[in-house]
Number of protein chains: 4
Amino acid sequence: MKVLLTAFDPFGGEPVNPAQEAVAAVADSIAGAEIVKVVVPTVFGKSIDTVYEAMKRENPDVTFCIGQAGGRVGLTPERVAINLDDARIEDNEGNQPFDKTIFEDGKTAYFTTLPVKAMVAKIKEAGLPASVSYTAGTFVCNHLMYGVLYHISKEFPDMKGGFMHVPYLHEQVLNRANTPSLSKDDIVKGIEAAITAIVENA
Amino acid sequence: MKVLLTAFDPFGGEPVNPAQEAVAAVADSIAGAEIVKVVVPTVFGKSIDTVYEAMKRENPDVTFCIGQAGGRVGLTPERVAINLDDARIEDNEGNQPFDKTIFEDGKTAYFTTLPVKAMVAKIKEAGLPASVSYTAGTFVCNHLMYGVLYHISKEFPDMKGGFMHVPYLHEQVLNRANTPSLSKDDIVKGIEAAITAIVENA
Amino acid sequence: MKVLLTAFDPFGGEPVNPAQEAVAAVADSIAGAEIVKVVVPTVFGKSIDTVYEAMKRENPDVTFCIGQAGGRVGLTPERVAINLDDARIEDNEGNQPFDKTIFEDGKTAYFTTLPVKAMVAKIKEAGLPASVSYTAGTFVCNHLMYGVLYHISKEFPDMKGGFMHVPYLHEQVLNRANTPSLSKDDIVKGIEAAITAIVENA
Amino acid sequence: MKVLLTAFDPFGGEPVNPAQEAVAAVADSIAGAEIVKVVVPTVFGKSIDTVYEAMKRENPDVTFCIGQAGGRVGLTPERVAINLDDARIEDNEGNQPFDKTIFEDGKTAYFTTLPVKAMVAKIKEAGLPASVSYTAGTFVCNHLMYGVLYHISKEFPDMKGGFMHVPYLHEQVLNRANTPSLSKDDIVKGIEAAITAIVENA
């Protein structure tokens with residue numbers, strides 16, 4: 001079994017992205033599955049293209065994308081991606097789409113095909129806070145999740161796909177008032193637990 | 001240099017107290033200082049008596065107390081303790097004082113004699129979230145901090161004293177919605193950083 | 001122009017529902033549009049049936065549903081409803097579906113056909129906090145919003161439909177720690193502003 | 001009975017101060033007491049001087065000060081003021097004291113002599129969220145509350161004094177994410193309820 005594990009680079013003025021930091025430290029083999037990692041630019045369009053190329057090249061059993069959701073307290077597997085870009089800030093190349101459809105021939109939304117409740121249960125078993133999320137927002141995270149599930153629906157009938165948001169790292173909140181965060185070790189453990197649940201429920 | 005480090009036992013229906021769990025794992029020697037640990041019952045009166053006995057027995061240079069503040073995102077050294085018990089819930093022996101003076105011959109409040117800003121800076125240097133707090137509440141935590149500073153003012157002119165609140169452990173929030181938490185490792189590191197700042201600024 | 005305005009009854013142990021309290025006080029005519037009001041039981045299935053009957057009976061130009069989202073700070077028009085029931089608590093008749101599809105022949109999701117950004121702008125113009133929400137949850141609120149948009153897509157090609165969540169009333173939070181709320185007057189004004197935007201953008 | 005009711009002017013870049021807006025609309029007579037209003041500059045030193053002059057001039061039975069605490073959900077009578085200025089931002093004349101004692105011959109802290117629990121109960125009776133607060137911070141609000149209680153302790157043995165924080169107005173949060181607020185009407189009603197409790201418990 002092969003898992004394509006992707007992580008965004010920093011955006012919104014942050015010096016780091018907890019997804020990228022943690023994914024770099026995730027084990028290369030989890031529960032018998034091979035983990036192939038890709039860093040993804042936080043850019044509308046390019047992010048989907050980058051992962052689509054990796055999906056074709058690697059032909060993984062699972063494409064699992066990780067992104068930052070600053071302000072959340074735990075790891076949150078996403079249940080659904082919607083066909084909508086609507087950006088409150090610019091992406092890393094200055095794009096800021098409003099009310100824009102991602103793929104004209106795509107569905108209004110795609111549900112993830114990953115076992116989000118089993119993932120939450122496994123992350124909690126590992127001693128870390130987690131819950132299912134029902135919105136991935138309307139910025140590049142939802143965009144990529146939607147794009148992955150769109151391409152899976154068109155071309156990769158046997159591949160599973162999904163997305164998980166992770167909180168800020170401690171280092172990102174030292175000068176922010178009252179903002180929750182996790183250590184890199186905790187986020188790494190949470191991602192590995194989520195992948196374990198994905199493998200066990202495949 | 002000797003530091004008396006105290007931690008409360010669990011209260012309010014919690015199975016654990018992050019202060020007790022973390023203090024048990026703190027090193028026995030930090031920055032050259034000897035650390036002597038005492039577990040304190042979460043009980044009005046008894047908590048102060050327990051620590052007062054230890055202060056007399058151990059004659060430490062510093063008495064530093066740790067307690068749980070569920071809902072906070074980081075470690076929070078307390079600046080001030082007030083002469084007031086006012087309990088929203090019962091303590092571990094069923095006491096629930098309202099609007100009660102702690103020591104009739106005590107001051108309205110005592111400022112800590114620990115270097116709270118240096119402690120916050122050192123905890124952040126260790127990569128963990130921290131900020132100075134200006135209220136330790138009106139439950140047993142404030143009660144103990146007040147009692148320690150009262151006894152210091154009366155009998156131990158060379159001793160320094162203070163209190164730090166720590167967030168919930170992850171295991172305490174797994175079934176709570178939207179509540180921040182830290183790992184035991186992070187809380188241990190934060191307490192050790194705080195003690196390092198205390199020793200360095202003595 | 002005719003607007004069918006619906007509001008849920010109380011659920012989850014609350015004595016009141018801010019949606020019901022506020023909708024009862026909304027004007028019967030707004031910006032020239034006639035407002036027809038219906039109270040909806042907080043019950044899976046029955047809620048959709050109740051509103052579907054009203055849609056057939058009243059043949060309104062717009063079906064606009066209001067529900068409670070405890071913990072939110074402002075009024076939040078919903079952008080999307082998803083084909084999923086997943087209940088954390090029982091509804092008012094003891095139903096608690098898990099991972100259940102609402103309509104087998106429905107789309108994965110429907111976007112609202114109401115002008116959510118214009119509604120948010122108008123509510124703010126009226127001096128009240130508002131923002132677009134991208135999740136109506138997976139309880140009866142999302143269920144009803146999904147059902148309304150499903151029936152519109154099947155049978156009412158010219159009708160517009162959507163949903164708005166409103167915060168707790170002050171009276172619901174008097175004994176809750178740190179929970180935001182609005183007055184009934186403010187919620188009424190916010191709903192009337194939202195309807196004004198709907199009429200003006202029709 | 002005469003109540004001196006003070007309110008700060010805007011600070012920290014805000015266009016308005018909810019305290020000032022609401023106090024201007026408070027009735028001139030409440031529960032038989034005459035209300036005399038004073039606007040106070042948000043400046044260390046000058047704020048206390050302004051109110052001290054008014055205390056000498058008006059010789060009120062009660063000096064009751066109102067200030068903004070952005071981020072709080074309800075009205076919060078303050079229990080205690082501490083002898084410490086420590087400013088995170090500059091005041092309206094560019095002062096930013098750190099770790100500074102307010103009055104060298106003052107006590108470490110003063111408890112309010114207003115009936116804070118009765119005030120909270122009365123505000124709730126009026127249908128508005130309220131709770132006792134145990135920290136007024138270390139900016140100009142605490143500074144003024146401390147100064148009022150200091151001068152009362154020195155010169156006005158029969159005068160009562162205290163402070164209440166109020167949340168942001170709606171207009172202050174329209175472009176802030178997830179920040180609670182109240183209408184001016186609600187804040188006015190809350191202040192009037194608090195004064196009613198003060199008069200009734202005199």
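**A tour of chain C and its neighbours**

Begin by selecting K117(A) and D99(C), whose side chains form a salt bridge with an N to O distance of 3.6 Å. The model is predicted. The pair just selected belongs to the interface of chain C and chain A, across which the rule finds six salt bridges. Six residue pairs in polar contact, both at pLDDT 80 or more, are also counted between these chains.

Next, colour the side of chain C that touches chain A by element. Two or more residues each come from β6 (80-82) and β7 (109-111) of chain C, and β7(C) gives the largest share, three residues. By class, this side has eight nonpolar, four polar and five charged residues.

Now display the whole of this interface. Here 17 residues of chain C are in contact with 17 residues of chain A. The area buried between the two chains is about 1,500 Å², with 61% given by carbon and sulfur atoms. Select T108(C), F111(C) and Y134(C): together they supply 38% of the area that chain C buries against chain A, more than any other three residues.

Turn then to chain A and chain B, where 16 residues of chain A are in contact with 16 residues of chain B. This pair of chains buries about 1,200 Å², of which 61% is given by carbon and sulfur atoms. On the chain A side, select V73(A), H170(A) and L174(A), which lose the most area to chain B and together make up 40% of what that side buries. Across this interface the rule finds zero salt bridges, but four residue pairs in polar contact, both at pLDDT 80 or more. The residues of chain A that touch chain B comprise seven nonpolar, seven polar and two charged.

Two further pairs of chains may be checked. No contact joins chain B and chain C, and their closest C-alpha atoms are 11 Å apart. Chain A and chain D likewise have no contact, with their closest C-alpha atoms 11 Å apart.

Finally, isolate chain C and show its strands. An open sheet of six strands, with mixed pairing, runs in the order β2-β3-β1-β4-β8-β5. The edges are β2 (29-30) and β5 (76-77) of chain C; each has a single partner strand, so one side of each is left without a neighbour in the sheet. Select β1 (residues 2-8) and β4 (residues 62-68) of chain C, which run parallel and are joined by five bridges. A7(C) has I66(C) in β4(C) as its bridge partner. Add helix α2 (residues 46-58) of chain C, which packs on the sheet and touches β1, β3 and β4 of chain C, its direction making about 150° with that of β3(C). Helix α1 (residues 18-25) of chain C lies across β1, β3 (33-40), β4 and β8 (160-166) of chain C, at about 145° to β1(C).

How values were computed: Residues numbered from 1 in each chain as written. Chains lettered and ligands numbered in written order. Predicted model: local features only at pLDDT ≥ 70, side-chain atom pairs only at ≥ 80, totals over all residues. Heavy atoms only, no water. Pairing = 2+ DSSP bridges. Helix = DSSP H or I, 4+ residues; strand = E, 2+ residues; numbered from the N terminus. Contact = heavy atoms within 4.5 Å. Axes fitted to C-alpha atoms, helices over the stretch in contact; angles between N-to-C directions. Buried area = accessible area lost by both parts, 1.4 Å probe. Salt bridge = Lys/Arg side-chain N within 4 Å of Asp/Glu carboxyl O. Polar contact = N/O pair within 3.5 Å; in protein donor to acceptor, adjacent residues only side chain to side chain. Nonpolar A, V, L, I, M, F, W, Y, C, P; charged D, E, K, R; others polar.
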